[in-house]
Amino acid sequence: MQATRPAMPIIRELGRADYEPTFAAMRAFTDARTPDTVDELWIVEHPPVFTLGLGADRGHLLAGPGIPTHQIPVVQTDRGGEVTYHGPGQVVIYLLMDLRRNKPGGKLYARQFVAKIEQAVIDVLAAYNLDGERVAGAPGIYIAQGPLKGAKIAALGLKVRGNGCTYHGVSLNVAMDLAPFSWINPCGYSGLATVDMRTMGVEAPLADVQHALAQALVGHLANLDPVQPQEVVSK
């Protein structure tokens, strides 16, 4: 008997929303979900905020003349990774998934999950004629060629609970004020250059990139080719 494919994830558009209530909502959703709960992807744009992973070193929040980090809130989270920045002009997509049933014929492992997320970002960048690549040991996506080779353009941070349910997700820099990245060691790397699509010569509406990345994620996570349009819900 052929296994039933899980229901396609619901894509929710949260608009611009503060980080802390969104973080609380992710945890509440995950606490309340059952084996029958449909997976969801939440698209959001945050006001300026620094977030810390579980093992983050606060020393990566830099201090000194010209570094007004005190103007931006700092939030401790339960995701993996170090410090990162979220702000206007950045695509953030949270993946509230159940990895136990998200792969036809079996569960999806965390390493596979990360690889699929990263590939979705690479594919979206390619659609805008930008080359992105992985860097071993440093989750996220980096510019693959040119004078800005090695600069980070997308970050990844996840929480995978023991029951296989996930939250947190991925961010892609589209058209941001990049200065706050210089006030931290992004993802714990001193001197790591951070760029956005605009810096790379691409002017794209944020909503277009949000939807492109959401659809790419759904396609990779559901092993669909080509990607089919999914339900989009405003929340």
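**Salt bridges, a hairpin and a one-sided helix**

Both Glu40 and Arg12 are buried, and in this predicted model their side chains meet in a salt bridge with an N to O distance of 2.7 Å. The pair links distant parts of the chain, since Glu40 belongs to strand 2 (residues 40-45) and Arg12 to strand 1 (residues 10-16), with 28 residues separating them in sequence. The structure holds seven salt bridges.

A further salt bridge is found between Glu45 and Arg16, whose closest N and O atoms are 3.2 Å apart. Glu45 lies in strand 2 and Arg16 in strand 1, so that this pair ties together parts of the chain that are 29 residues apart in sequence. The two partners can be described by their accessibility: Glu45 is buried, with a relative accessible area of 13%, whereas Arg16 is exposed, with a relative accessible area of 52%.

Another salt bridge involves Arg134 and Glu118, for which the closest N and O atoms are 2.9 Å apart. Here too distant parts of the chain are linked, with Arg134 placed in strand 7 (residues 132-135) and Glu118 in helix 2 (residues 110-127), 16 residues apart. Arg134 is partly exposed, at a relative accessible area of 37%, while Glu118, at 10% relative accessibility, counts as buried because the cut-off for this class is under 20%.

Strand 7, which contributes Arg134 to that salt bridge, is also joined by three bridges to strand 8 (residues 138-143), and the two strands run antiparallel. Within this pairing, Gly132 stands opposite Ile143 of strand 8. The two strands form a hairpin with two residues between them, and in the turn Gly137 has a positive phi of about 80°.

Turning to the helical part of the model, helix 1 (residues 19-32) comprises 14 residues and reaches 20 Å from its first C-alpha to its last, which is close to the 20 Å expected at 1.5 Å a residue. Buried positions in helix 1 are Tyr19, Thr22, Phe23, Met26, Phe29 and Thr30. Viewed down the axis of helix 1, its buried residues fall within an arc of 125°, and they therefore line one face of the helix. The face of helix 1 that is turned away from this buried side carries the exposed residues Glu20, Pro21, Asp31 and Ala32.

Conventions:
Residues are numbered from 1 along each chain as its sequence is written. This is a predicted model: local features need pLDDT of at least 70, side-chain atom pairs count only at pLDDT 80 or more; totals for chains, interfaces and linings use all residues. Side-chain values use heavy atoms; hydrogens and water are left out. A salt bridge is a side-chain nitrogen of Lys or Arg within 4 Å of a carboxyl oxygen of Asp or Glu. Helices (H or I, at least four residues) and strands (E, at least two) are DSSP runs, numbered from the N terminus. Buried means under 20% relative accessible area, exposed over 50%, partly exposed in between (1.4 Å probe, protein chains only). Two strands pair if DSSP finds at least two bridges between them. The expected span of a helix is 1.5 Å times one less than its number of residues. The arc is that of the directions from the helix axis to the C-beta atoms.
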